[in-house]
Amino acid sequence: HDLHDVLHASFAQLRLIFPFYCKSISGAETARDAELMDMQEWLVFIRDCKVASKSFNRGLAENVFVTATSHVNRPKALGDADRSMAFYEFVEAICRCAHLRENYSSVRKVV
C-alpha cells in the first residue's frame, strides 16, 4: 500500500511533469509529441531531478528506460518500444529508479 499511496498523492504532479519533459528538448510540434518521452528527454528528467547517484548512474537510467518500454503487450499505437515512453511507462520507470537507488548498491556488493 505504501507505493500506491505515494503514487496516488503524486499523480497530479506526475501528470504535469511528464508532458513538460516530453517537449523539453526539441519542443512539441504536435499533441502526440507531448504524449511520448524519448531516451534523451528521460535522461534530462533524471539529471534535473538529481536521480543519478554514485550507485545509480546514466547506464542504469538508460536500462530503466529500455526495460520500461519493452513490454510484450505494448499498444501498437505507441510505436517502437526502444524510442518512446508513454505516461504509464514513465510511472513504472520512476518506481524502478526508486527501487534501484534503494537496493542497487547492496546488490553490487553481493555480486
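A polar contact is a pair of N or O atoms within 3.5 Å; within protein, one atom must be able to donate a hydrogen and the other to accept it, and residues adjacent in sequence count only if both atoms are side-chain atoms. One such pair joins the backbone oxygen of Asn 63 to a polar atom of the side chain of Thr 67, at 2.9 Å.

The structure is a predicted model, in which local features need pLDDT of at least 70 and side-chain atom pairs count only at pLDDT 80 or more, while totals for chains, interfaces and linings use all residues. Residues are numbered from 1 along each chain as its sequence is written, and side-chain values use heavy atoms, with hydrogens and water left out.

**Overall organisation**

The chain contains four helices and zero strands, and along the sequence it follows the pattern α-α-α-α. Helices (H or I, at least four residues) and strands (E, at least two) are DSSP runs, numbered from the N terminus. Of the 111 residues of the chain, 31% count as buried. Buried means under 20% relative accessible area, exposed over 50%, and partly exposed in between, with a 1.4 Å probe and protein chains only. Contact means heavy atoms within 4.5 Å. Among contacts in the chain with a separation of 6 or more, 52% come from residues 24 or more positions apart.

**Helix 2 and its two partners**

Helix 2 spans residues 39-48. Its buried residues are Glu 41, Trp 42, Leu 43, Val 44, Phe 45 and Ile 46. At the N-terminal end, Asp 38 acts as a cap, with a side-chain oxygen 3.1 Å from the backbone nitrogen of Gln 40.

Helix 1 (residues 2-22) and helix 2 have axes that come within 9 Å and cross at roughly 125 degrees. That makes helix 1 oblique to helix 2. Axes are lines fitted to C-alpha atoms, for helices over the stretch in contact, and angles run from 0 to 180 degrees between N-to-C directions. Angles under 35 degrees count as roughly parallel, over 145 as roughly antiparallel, 65 to 115 as roughly perpendicular and the rest as oblique. The crossing of helix 1 and helix 2 is right-handed; a crossing has this hand if the near helix is turned clockwise from the far one by less than a right angle, and is left-handed if anticlockwise. On the helix 1 side, the residues in contact are Ile 17, Tyr 21 and Cys 22, and they meet Glu 41, Val 44, Phe 45 and Asp 48 in helix 2. This contact comprises five nonpolar, no polar and two charged residues. Ala, Val, Leu, Ile, Met, Phe, Trp, Tyr, Cys and Pro count as nonpolar, Asp, Glu, Lys and Arg as charged, and the others, Gly among them, as polar.

The axes of helix 2 and helix 3 (residues 58-68) come within 10 Å and cross at roughly 130 degrees, and the two helices are therefore oblique to each other. This crossing, too, is right-handed. Here Met 39, Trp 42, Leu 43 and Ile 46 in helix 2 meet Arg 58, Ala 61, Glu 62, Val 64, Phe 65 and Val 66 in helix 3. By class, eight of these residues are nonpolar, none polar and two charged.

Lys 50 belongs to the loop between helix 2 and helix 3. Its phi is near 55 degrees, a positive value in a residue other than glycine. Lys 50 is exposed, with a relative accessible area of 68%.

**Residues of helix 3 and helix 4**

Thr 67 is found in helix 3 and counts as partly exposed at 37% relative accessibility. Leaving aside neighbours within four places in sequence, Thr 67 is in contact with Glu 92 and Arg 96.

Helix 4 covers residues 87-110 and includes Glu 89. Glu 89 is buried, with a relative accessible area of 0%, and its side chain reaches the backbone nitrogen of Ala 86 at 2.7 Å. Ala 93, also placed in helix 4, is buried, with a relative accessible area of 0%. Not counting residues up to four places away in sequence, Ala 93 touches Trp 42, Val 64, Ala 68 and Met 85. Asn 103 has its place in helix 4 and is partly exposed, with a relative accessible area of 26%.

The table lists C-alpha separations that involve these residues.

| Residue pair | Separation along the chain | C-alpha separation |
|---|---|---|
| Thr 67 and Glu 89 | 22 residues | 9.2 Å |
| Asn 103 and Ser 55 | 48 residues | 9.4 Å |
| Ala 93 and Asn 63 | 30 residues | 9.7 Å |
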